[in-house]
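User: Please take one strand at the centre of this model and describe closely how it is paired, what covers it and how its surroundings are arranged. A single connected account would be best.

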Amino acid sequence: MINLQNQPVPVIVDTDGGVDDALALIMALNSPQLDLKAVTVVAGNINVDQAANNVLRVVSIVKPNTLPIVAKGCEKPLVKQTFNAAGIHGADGLGELDRFQEADGTLRYPKLTIEPSTENAIDLLLKAAQEYGDSLTIIALGPLTNVATAIQKDGATMKKIGRIVIMGGAVTAPGNITAAAEFNFFVDPDAAQIVMESGIPLTLVGLDVTMKAPLARQVVEENLQRHPSKVTQFIADCTGIYMAFHRDNEGFYGCYLHDPLAMAVAIDPSLVKTESLYIRVETQGRFTTGMSLADRRDRRDHKANPPNVEACLDVDTERFMQLFAQLGNLLGNLPVGI
Ligand code: BDR
Ligand code: CA
C-alpha cells in the first residue's frame, strides 16, 4: 500500500461522479502522495455520461497542473436494472449546479470546455494493470461494474495490480440503501462478488467506518466565508442538496464522507483498523441483495474460505479529518463529530 515517505504512488480512481466522489477527487488532485494516472467512470449515483461530466467539472475547478485522463466505462450494472441516487445527490448527481448564478446573472458553472477521453475505461484499467503492475492502486468509489468487467475480460492482468481500495459494503453496520446493503454493493452486487473472489488484495472501506466520518453543513459554510475561492464555493454548492437530504431524513445537517475516507485510507492506511475477513456479496436476496456477508464464526473453514478482504472496522476520525481538511481545501481545524 501507499508509503507516505516515498514517491507518489500511481493510482486510478474509479468513480460514479456523485457529491462525496467529488470531495474525494479534490483530495486526489491535491495529494502529493498520489500520482493520479486516470479517472475511470461508471454508472451509479447518476448515468455514466453525467458522471463523467461531473468528474470533468471537478477537474476544471481544481485546475491541476496535469489533467488526468477521464474515461467512461459501464453504463449499467452487470445483471441488475440501473438504480441511481439522483434523489440524494441531485438531478445532475452533483447538487444541481445549473441553479447557481453569479451576481451579474451569468452561470457559475458554465458549459465545460474539456471532454472525456475516447478510450474505454475497461481497456484503460487493463492497460494500467499491465504497465504499473503491483505498484498500482485502484481506488473504487462507485459500483464495481468497471472493475469486475475488466476482471472478466482479463483476470490474469488485473491480478497484477497491488490493491483495490473499495468504498462499499457494511460488515457490522446496517446498510444505507436497504436495511442490509450499502449503495455501491446494492447497485451492482454481481460485480462486487466478482471482485471479492478475484484474488486481488482488497481493502474494504465500508459504512462501518464511513459513518464515523461526518461533515457538518456549518463547517462548509464557515469555510467558504473565511476562505472564499472557486473550490470552497464549489464545495458549498455541490453539497447543498446532499446535506439537506441527511437533515431531512436523518436529523443531521451534513453528510458522511464515504468516498473521501476511502481516498484517505489509500493515502494513509494507518488511519484505520482492519480485520482480515472472508466476505461474500448477496446477489439473490429477497431482502438482502447487495449485503456484504462476512463469515465471523470461530469455527469457519479457514482452508476452504481464507480471508479475501482487509475490512476497515474502526477509524481515527480526528486524524482523518485533518487529512481531509488539508487535501480538501477545508482550512483550519475541523470539528470532529456531529
Ligand atoms: C456510497 O454511495 C454513493 O452514493 C456515494 O457516492 C458513496 O460512494 C456510499 O454508500
Ligand atoms: Ca461514490
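Analyst: In strand S4, threonine 137 is the bridge partner of valine 11, and the strand containing valine 11, S1 (residues 9-15), pairs with S4 in the parallel sense over 4 bridges. Two strands count as paired if DSSP finds at least two bridges between them; strands (E, at least two residues) and helices (H or I, at least four) are DSSP runs numbered from the N terminus. The model is predicted, so local features need pLDDT of at least 70 and side-chain atom pairs count only at pLDDT 80 or more, while totals for chains, interfaces and linings use all residues. Residues are numbered from 1 along each chain as its sequence is written, chains are lettered from A and ligands numbered from 1 in the order in which they are written, and side-chain values use heavy atoms, with hydrogens and water left out.

Further along the pairing of S1 with S4, isoleucine 12 faces isoleucine 138, and aspartate 14 has alanine 140 as its bridge partner. S4 itself comprises residues 137-140 and is covered on both faces: Thr137 and Ile139 are buried on one side, Ile138 and Ala140 on the other. Buried here denotes under 20% relative accessible area, exposed over 50%, and partly exposed in between (1.4 Å probe, protein chains only).

S4 is also joined by 4 bridges to strand S5 (residues 163-167), and these two run parallel. Within that pairing, threonine 137 stands opposite arginine 163. From S4 the chain passes through helix H5 (residues 145-158) to reach S5 in a right-handed β-α-β crossover; the term right-handed applies if, with the strands pointing away from the viewer, the path from the first strand over the helix to the second runs clockwise.

The neighbouring strand S1 is largely enclosed by the rest of the structure, because 7 of its 7 residues are buried. Val9, Val11, Val13 and Thr15 point one way from S1, whereas Pro10, Ile12 and Asp14 point the other way. S1 is joined to S2 by 7 bridges, again in parallel, with valine 9 opposite leucine 34. Together with H1, S1 and S2 make a right-handed β-α-β unit.

Strands S1, S2, S4 and S5 belong to an open sheet of 8 strands with mixed pairing, in the order S3-S2-S1-S4-S5-S6-S12-S9. Strand S3 (69-72) and strand S9 (272-277) stand at its edges with a single partner strand each, so one side of each is left without a neighbour in the sheet. Neighbouring strands are turned by 25 degrees against each other on average, direction ignored.

Two helices lie against this part of the sheet. H1 (residues 19-30) lies across S1 and S2 (34-41), running at about 150 degrees to S2. H2 (residues 48-62) packs on the sheet and touches S1, S2 and S3, its direction making about 170 degrees with that of S3. Angles run from 0 to 180 degrees between N-to-C directions, the axes being lines fitted to C-alpha atoms, for helices over the stretch in contact; contact means heavy atoms within 4.5 Å.

In H1, 11 of the 12 residues are buried, so this helix is largely enclosed by the rest of the structure. The buried residues include Val19, Ala22, Leu23, Ile26 and Leu29.

H1 and H2 are in turn among the elements covering the buried residues of H10, as are helix H9 (217-226) and helix H11 (240-250). Since 7 of the 9 residues of H10 (residues 230-238) are buried, H10 too is largely enclosed; Phe234 and Ile235 are among those residues. Leaving aside neighbours within four places in sequence, phenylalanine 234 is in contact with Ala22, Ile26, Arg57, Val58, Ile61, Leu94, Leu97 and Tyr109. Phe234 is also listed, with Leu215, Leu257, Leu261, Met263 and Phe320, as having the most contacts inside the largest nonpolar core, of 73 residues. Such a core is a set of buried Ala, Val, Leu, Ile, Met, Phe, Trp, Tyr and Cys residues joined through side-chain atoms within 4.5 Å. Apart from it lies another core, of 41 residues, including Ile164 and Ile166.

Beyond H2, the loop leading to S3 holds lysine 63, which has a positive phi of about 50 degrees although it is not a glycine. At 61% relative accessibility, lysine 63 counts as exposed.
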